[in-house]
Amino acid sequence: MGASLNVSLMKNNIKYNGVVTKEYNSITAENAMKFDALHPAENTFSWNDADYLVSFAQANNKRVHGHTLNWYMALPSWVTNFVGDSTAWENLLKTHIQTVVTYFKGKVKSWDVVNEAFNDDGTLRNSIWVQKLGTDYIARCFQYANQADPDAILFYNDYGHEYSAAKRTAIINMITGFKNRGIPIHGIGMQFHITYTQSDANISAAINSAAATGLKVHISELDIRLNTNLALGLSLTPALAEQQAARYTFIVKTYKAIPTAQQFGITTWNVGDGDSWIPNWQGAPDWPLPFDANYLRKPAYRGIIEGGK
Ligand code: XIL
């Protein structure tokens, strides 16, 4: 089990730091390894926050999963304003990936290489990378990462596998194509930012179709929203908390049924309800995580344990 971590909470909130130390054996940086955080100016890399997380992980025997080498968001303005021909853009992409992977070599043993490249209808997102480098840039990202660290486990990460068959099919087709071409890809990351109303059938289809690729499967950003109507006055009731727990159980159980060698892990996005990105993102309150705002275990925590039995 992993969680995405906020560096300032790790440094300043003793309850947060304590629960992370005790409850998880894998960590992902919530933001500290994104492009804008690591590479704020063309000739400047800024490693301090990421180093802090890596040191914490080393001191406490935890795995670090890297997130993310390439994304259409979290880009610094020097990139969005960059002027250059396709060779210059290719060099920018390659330099970023290889500098970061080389820096963390041996410490960060797996990476989300490309994040969120597809639209929900299964077409490729018309991102800055597609515009500047064409649709095959994704394959080259994997090659660049692999050249920098041949031992790193490389993931394609995205969301929506559970609600869009078109999207998950497109992702699986891309992966099959990569395998046929010898492009180094080792894992599929499924974010799973879901609602408690998501069906068993959809969750199973996402997990089992990912497993059918033969690659490692990471449920990489799990959280389970309860406020499906975005009601500003909603509060967390015991009944909702139990329904959420049951969804956590079903996900863990379904995941544990895929071959053990393919189980990379399950990572929740954030730790406690008070530090979840969801309320901000959806503009309404929510309680998507296994710990409450005081870092006490919720029914969802018990649900996870139940699913793992
Ligand atoms: C989110 C972070 O949680 C926020 O703090 C930040 O403001 C925006 O990004 N999919 C991803 C993550 O791959 O990187 C996103 O993280 C959440 C959605």
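**Notebook: the ligand and its pocket**

I looked up where the ligand sits in this predicted model, and I found it in the largest pocket. I noted that a pocket is, on a 1 Å grid over the protein atoms alone, an open set of points where a 1.4 Å probe fits, with protein on both sides within 12 Å along at least five of seven lines, and that lining residues have an atom within 4 Å of a point. A molecule sits in a pocket if more than half of its atoms lie within 2 Å of its grid points.

I kept in mind that local features need pLDDT of at least 70 and side-chain atom pairs 80 or more, while totals for linings use all residues. Residues are numbered from 1 along each chain, and side-chain values use heavy atoms, without hydrogens and water.

Next I listed the residues around the ligand (a heavy atom within 4 Å), among them Glu30, Asn31, Trp71 and Trp269. I then checked polar contacts, pairs of N or O atoms within 3.5 Å: a polar side-chain atom of His67 lies 2.7 Å from a ligand oxygen atom, one of Lys34 lies 2.8 Å from a ligand oxygen atom, and for Glu221 I also read 2.8 Å to a ligand oxygen atom. Taken alone the ligand exposes 410 Å², of which the protein buries 76%, by the Shrake-Rupley method with a 1.4 Å probe.

Finally I read that the largest pocket has a volume of about 510 Å³, the space filled by probe spheres set on the points. Its lining has 24 residues, with Glu116, Gln191, His193, Trp277 and Trp281 nearest the centre.

Methods: Polar contact = N/O pair within 3.5 Å; in protein donor to acceptor, adjacent residues only side chain to side chain.
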